[in-house]
Amino acid sequence: MVKHIILWTLNPELTEEEKKNVKAGIKEGLEGLMGKVPGLIEVKVNIDGRLASSNADVMLDSTLESEEALKAYAVHPEHVAVANGKVRPYTVQRSCLDFEI
């Protein structure tokens, strides 16, 4: 199995209300991929409880069956639609850590 962890920083020009709505949209979109993307075992998006010591705004914690499943997830049309519609337009930084478990 493979863990796929992403941290995003939202565009600082967004208002607090816009950030709240964007985070909710990212969570809904990515968690909504369960059952739609083959090989996606678990997906959780953390948008709440951020401490002042944090330097990211949103975290994706997902588990996939294999590295091949991760590669397929990256180009799956439903995932690409969420990334292009709910994530990329509103983020300025992305960090990724993929590892086998």
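## A tour of the chain, helix by helix

Start with the whole chain, which reads β-α-β-β-α-α-β along the sequence. That comes to three helices and four strands; helices (H or I, at least four residues) and strands (E, at least two) are DSSP runs, numbered from the N terminus. This is a predicted model: local features need pLDDT of at least 70, side-chain atom pairs count only at pLDDT 80 or more, and totals for chains, interfaces and linings use all residues. Residues are numbered from 1 along each chain as its sequence is written, and side-chain values use heavy atoms, with hydrogens and water left out.

**Whole chain**

Show the C-alpha trace. Along the principal axes, the C-alpha atoms fill a box of roughly 40 × 25 × 20 Å. The radius of gyration is 13 Å, close to the 13 Å that the globule rule gives for 101 residues, so the chain is as compact as a globular protein of that length. Here the radius is taken over C-alpha atoms, and the rule is 2.2 Å times the number of residues to the power 0.38.

Colour by accessibility. Of the 101 residues, 39% count as buried. Buried means under 20% relative accessible area, exposed over 50%, partly exposed in between (1.4 Å probe, protein chains only).

Now turn on contacts (heavy atoms within 4.5 Å). Among those with a separation of 6 or more, 69% join residues 24 or more positions apart.

**Strand β2**

Select I41 in strand β2 (residues 40-46). I41 has 37% relative accessibility and so counts as partly exposed. Its C-alpha atom is separated by 6.6 Å from that of E65, 24 residues apart along the chain. Leaving out residues up to four places away in sequence, I41 touches M1, M34, T63, L64 and E65.

**Helix α2**

Next, select α2 (67-75). A69, L70 and Y73 are its buried residues. They cover an arc of only 100° around the axis, which puts them on the same side of α2. The arc is that of the directions from the helix axis to the C-beta atoms. Rotate to the other side of α2: E68, K71 and V75 are exposed there. The buried residues of α2 pack against β1, α1, β2, β3 (58-64), α3 and β4.

**Helix α3**

Move on to α3 (residues 77-87), where H79, V82, A83 and V87 are buried. Look down the axis of α3: these buried residues fall within an arc of 100°, so they line one face of the helix. Their packing partners are β1 (2-10), α1 (16-31), α2 (67-75) and β4 (91-100).

**α2 against α3**

Show both helices. Their axes come within 5 Å and cross at roughly 55°. Axes are lines fitted to C-alpha atoms, for helices over the stretch in contact, and angles run from 0 to 180 degrees between N-to-C directions. The crossing makes α2 oblique to α3; angles under 35 degrees count as roughly parallel, over 145 as roughly antiparallel, 65 to 115 as roughly perpendicular and the rest as oblique. Select Y73, A74 and V75 of α2 with P77, H79 and V80 of α3 to see the contact. By class, it has five nonpolar, one polar and no charged residues. Ala, Val, Leu, Ile, Met, Phe, Trp, Tyr, Cys and Pro count as nonpolar, Asp, Glu, Lys and Arg as charged, and the others, Gly among them, as polar.

**α1 against α3**

Finish with α1 and α3, which pack at an angle of about 180° with their axes 10 Å apart. That makes α1 roughly antiparallel to α3. Select V22, G25, I26, G29 and L30 in α1; they meet H79, V82, K86 and V87 in α3. This contact of α1 with α3 has five nonpolar, three polar and one charged residues.
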